[in-house]
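The following exchange asks how certain labels are justified for a single structure. Each reply sets a computed value against the criterion that applies to it.

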Amino acid sequence: MPPNRDHYSNKKSFGSKSKKNINKYFKGKQGKTDEIKKSLAHRARLRKTYFKMLEKEGIDTSKPVPALEIGDDNKKKNQDSEDQTDGPKTYNRHESSTEQRKPLTFQDRVKINQERKQRLRQEKIERTKQTLNEIKTKRNKRAERSKRIKEAKTSKGQPLMGPRINDLLDKIQGNR
């Protein structure tokens, strides 16, 4: 059966996706700026339609919906631990919604990122130090063993060849 010609053509017969806009690569900075403007307009349009839909359903859109911040998980953990020490916790849905959490400032986010990067850097340094120490101890053990083998002598002062040959055989078998 001859191959389907449509398979080799540029057009796809099934649900073709739109081509990506590559103008941003040719236009340089202006292309990227245009792309950002386009995405912002798209988001604004989506947001507008979302709020229109909410108003049709009768949901109040006047109060803002609190957004989750990076540090909220840590704050919740700290609050939970404090509440457990104070006494039994009462679960009130409205109590948590009335609290307004301040979002992290840019400086706080930068500081958190720097601390995380510093911690990762320290962990990497510790791992490399540990591997270097392991390599060093293995090298020292190997050198001590070979020195002991080479210094072994008979009662008449001649070198023992048996351990040397066994060492060479172990090296050869280790390479295989």
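**Labels and their grounds**

Q: Why is Asp170 called partly exposed?
A: The relative accessible area of Asp170 is 42%. Buried requires under 20% and exposed over 50%, so Asp170, at 42%, is partly exposed. The model is a predicted one, and the value is computed from it.

Q: What makes the pair Arg145 and Asp170 a salt bridge?
A: The closest N and O atoms of Arg145 and Asp170 are 3.8 Å apart. The criterion is a nitrogen-to-oxygen distance within 4 Å, and the pair therefore qualifies as a salt bridge.

Q: Which parts does the pair Arg145 and Asp170 tie together?
A: Arg145 belongs to helix H6 and Asp170 to helix H7, so the salt bridge ties together parts 25 residues apart in sequence. Arg145 is partly exposed, with a relative accessible area of 39%.

Q: Why is Asp167 called buried?
A: Asp167, found in helix H7, has a relative accessible area of 13%. Buried means under 20%, so the value of 13% places Asp167 in the buried class. With residues up to four places away in sequence left out, Asp167 touches Arg145 and Ile149.

Q: How do you know that Asp167 and Lys171 form a salt bridge?
A: Their closest N and O atoms are 3.9 Å apart. The limit is 4 Å, so the pair meets the criterion. Both residues lie in helix H7, 4 residues apart, which is about one turn of the helix. Through salt bridges that share partners, Arg145, Asp167, Asp170 and Lys171 are joined into one network.

Q: What makes helices H6 and H7 a pair in contact?
A: In H6, Arg145, Ile149 and Lys150 meet Pro163, Arg164, Asp167 and Asp170 of H7. By class, the residues of this contact are 2 nonpolar, no polar and 5 charged. The axes of H6 (residues 106-151) and H7 (residues 162-175) come within 9 Å and cross at roughly 145 degrees.

Q: Why is Ile172 called partly exposed?
A: Ile172, a residue of helix H7, has 45% relative accessibility. That value lies between the limits of 20% and 50%, so Ile172 counts as partly exposed.

Q: What makes Ile172 eligible for a nonpolar surface patch?
A: A patch residue needs over 30% relative accessible area, and Ile172 has 45%. Met161, Ile165, Leu169 and Ile172 form the patch, with about 370 Å² of accessible area together.

Q: How do you know that Glu35 and Lys32 form a salt bridge?
A: The closest N and O atoms of Glu35 and Lys32 are 3.5 Å apart, and the criterion asks for a distance within 4 Å. The pair therefore counts as a salt bridge. The two residues are separated by about one helical turn because they are 3 residues apart in helix H3 (residues 29-57). Glu35 is partly exposed at 30% relative accessible area, and Lys32 is partly exposed at 44%. The structure holds 4 salt bridges.

Q: What makes up the secondary structure of the protein chain?
A: The chain has 7 helices and 0 strands. Buried residues account for 4% of its 176 residues. Its accessible surface comes to about 17,700 Å², and 54% of that belongs to carbon and sulfur atoms.

How values were computed:
Residues numbered from 1 in each chain as written. Predicted model: local features only at pLDDT ≥ 70, side-chain atom pairs only at ≥ 80, totals over all residues. Heavy atoms only, no water. Axes fitted to C-alpha atoms, helices over the stretch in contact; angles between N-to-C directions. Contact = heavy atoms within 4.5 Å. Nonpolar A, V, L, I, M, F, W, Y, C, P; charged D, E, K, R; others polar. Patch = residues over 30% accessible without salt bridge, like charges linked within 9 Å, V, L, I, M, F, W, Y side chains within 5 Å. Areas by Shrake-Rupley, 256 points an atom, 1.4 Å probe, with all protein chains shown as cover. Salt bridge = Lys/Arg side-chain N within 4 Å of Asp/Glu carboxyl O. Buried < 20%, exposed > 50% of the residue type's maximum accessible area, 1.4 Å probe, protein only.
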